[in-house]
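Please walk through this structure with me in short questions and answers. Begin with the strands, then go on to the helix, the ligand, the cysteines and the backbone.

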Amino acid sequence: MNLTLHHYWRSSCSWRVRWALELKKVPYQSVPVNILAGEHQTGAYKALNPSGQLPTLVVDGRLFSESLAIIDWLDEIVPEPALYPSHALDKMFVKQLALKIVAGTQPLQNPSLLKLFSNDEAERKKHAQHFIGNGLAVYESLLDRGQPGQFSFGDQITVADLCLVPQVYNALRFSVDMSKLPRITKIYEACLKTSACDRAAPHMWGQALLPTH
Ligand SMILES: N[C@@H](CCC(=O)N[C@@H](CS)C(=O)NCC(=O)O)C(=O)O
């Protein structure tokens with residue numbers, strides 16, 4: 001099987017997929033697409049991914065987007081380490097957390113959406129802080145309904161962590177107040193200490209160091 005990932009080093013959705021590929025030890029070719037230079041909006045890139053967003057995965061010539069769909073496929077073809085708990089209710093819980101980020105937070109802070117709110121950088125930052133802060137506050141409170149442990153669901157790295165950690169990275173970039181998010185902060189730190197997460201992280205693919213808080 002031949003895999004090529006079109007991704008951007010700082011894109012949170014790209015980090016999710018890179019991390020899953022690392023965990024599953026699936027080799028892939030990397031094609032960087034520079035969002036800052038607008039490469040994702042070119043006709044050539046949109047021919048790969050009509051949404052003009054990152055990432056896109058090419059599997060034996062077939063084109064796929066949507067990070068969660070890609071991660072779920074990887075989890076199916078390489079079952080270990082499993083990215084969901086085995087019990088169906090626990091699985092729903094983890095998917096709920098992941099979707100809170102994938103559908104309920106990240107799209108609301110995407111640069112293409114922020115531009116519609118305002119041309120002013122400071123205003124855009126305020127919007128991003130609002131939506132990320134709200135999304136993470138909900139995630140933090142949902143954690144109480146799960147299983148205690150070092151990650152979002154006990155001690156198993158799940159899809160929820162793959163979505164949460166890159167979102168926290170964005171939160172720190174936008175200077176979101178993390179003081180009321182102690183469990184999320186601990187999960188972020190614990191995940192960054194794992195080698196698969198680190199190898200997939202922006203600092204391995206771009207220039208900037210991970211932000212601290
Ligand atoms: N739901 C999509 C979202 C993809 C997405 O929003 N990607 C961002 C980077 S994390 C992007 O390409 N943003 C550039 C833009 O929207 O102009 C996924 O999970 O893959």
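Q: Is strand E1 (residues 3-7) largely enclosed or open, and how many of its residues are buried?
A: This is a predicted model, where local features need pLDDT of at least 70, side-chain atom pairs count only at pLDDT 80 or more, and totals for chains, interfaces and linings use all residues. Residues are numbered from 1 along each chain as its sequence is written, and side-chain values use heavy atoms, with hydrogens and water left out. Buried means under 20% relative accessible area, exposed over 50%, and partly exposed in between (1.4 Å probe, protein chains only). E1 is largely enclosed by the rest of the structure, because the buried residues number five of the five.

Q: Which residues of E1 lie on each of its two faces?
A: Strands (E, at least two residues) and helices (H or I, at least four) are DSSP runs, numbered from the N terminus. Both faces of E1 are covered, and the residues on both are buried. One side holds Leu 3, Leu 5 and His 7; the other holds Thr 4 and His 6.

Q: In which sense does E1 pair with E2, and in which with E3?
A: Two strands pair if DSSP finds at least two bridges between them. E1 and E2 have four bridges, in the parallel sense. E1 and E3 also have four bridges, but here the sense is antiparallel.

Q: Which residues stand across from Leu 5 in E2 and E3?
A: Leu 5 has a partner in each strand. In E2 the bridge partner is Ser 30. In E3, Leu 5 stands opposite Leu 57.

Q: What is the bridge partner of Leu 57 in E4?
A: Strand E3 (residues 56-59) pairs with strand E4 (residues 62-65) in the antiparallel sense, over four bridges. Within this pairing, the partner of Leu 57 is Phe 64.

Q: What is the distance between the end C-alpha atoms of helix H1 (residues 12-23), and what span is expected?
A: The expected span of a helix is 1.5 Å times one less than its number of residues. H1 has twelve residues, so it should span 16 Å. The end C-alpha atoms agree with that, at 17 Å apart.

Q: How many residues of H1 are buried?
A: The buried residues of H1 include Trp 15, Arg 16, Arg 18 and Glu 22. H1 is largely enclosed by the rest of the structure, because the buried count is twelve of the twelve.

Q: Which residues come nearest to the ligand?
A: A residue is near a molecule or strand if one of its heavy atoms lies within 4 Å of it. There are 15 residues around the ligand. Those that come nearest are Leu 54, Glu 66, Ser 67, Asn 110 and Ser 112.

Q: Which side chain has a polar atom 2.6 Å from a ligand nitrogen atom?
A: A polar contact is a pair of N or O atoms within 3.5 Å; within protein, one must be able to donate a hydrogen and the other to accept it, and residues adjacent in sequence count only if both atoms are side-chain atoms. His 40 has a polar side-chain atom 3.1 Å from a ligand oxygen atom, and a side-chain N or O atom of Gln 53 lies 3.2 Å from a ligand oxygen atom. The 2.6 Å pair with a nitrogen atom belongs to Glu 66.

Q: How many disulfides are counted?
A: A disulfide is a pair of cysteine sulfur atoms within 2.5 Å. The sulfur of Cys 191 is 5.6 Å from the closest cysteine sulfur, in Cys 197, which is too far for a bond. By this rule the count is zero.

Q: Where is the cysteine sulfur nearest to that of Cys 13?
A: Cys 13 is buried, with a relative accessible area of 10%. Cys 13 is in no disulfide. The nearest cysteine sulfur is 8.6 Å away, in Cys 163.

Q: Which peptide bonds to Pro 55 and Pro 81 are cis?
A: Most peptide bonds are trans. Pro 55 sits in the loop between helix H2 (43-48) and E3, and Pro 81 in the loop between helix H3 (67-77) and helix H4 (88-102). The cis bonds run from Leu 54 to Pro 55, with omega near 0°, and from Glu 80 to Pro 81, with omega near -10°.

Q: What is the phi of Lys 25?
A: Lys 25 lies in the loop between H1 and strand E2 (29-32). Lys 25 counts as exposed, at 69% relative accessibility. Its phi is positive, near 55°.
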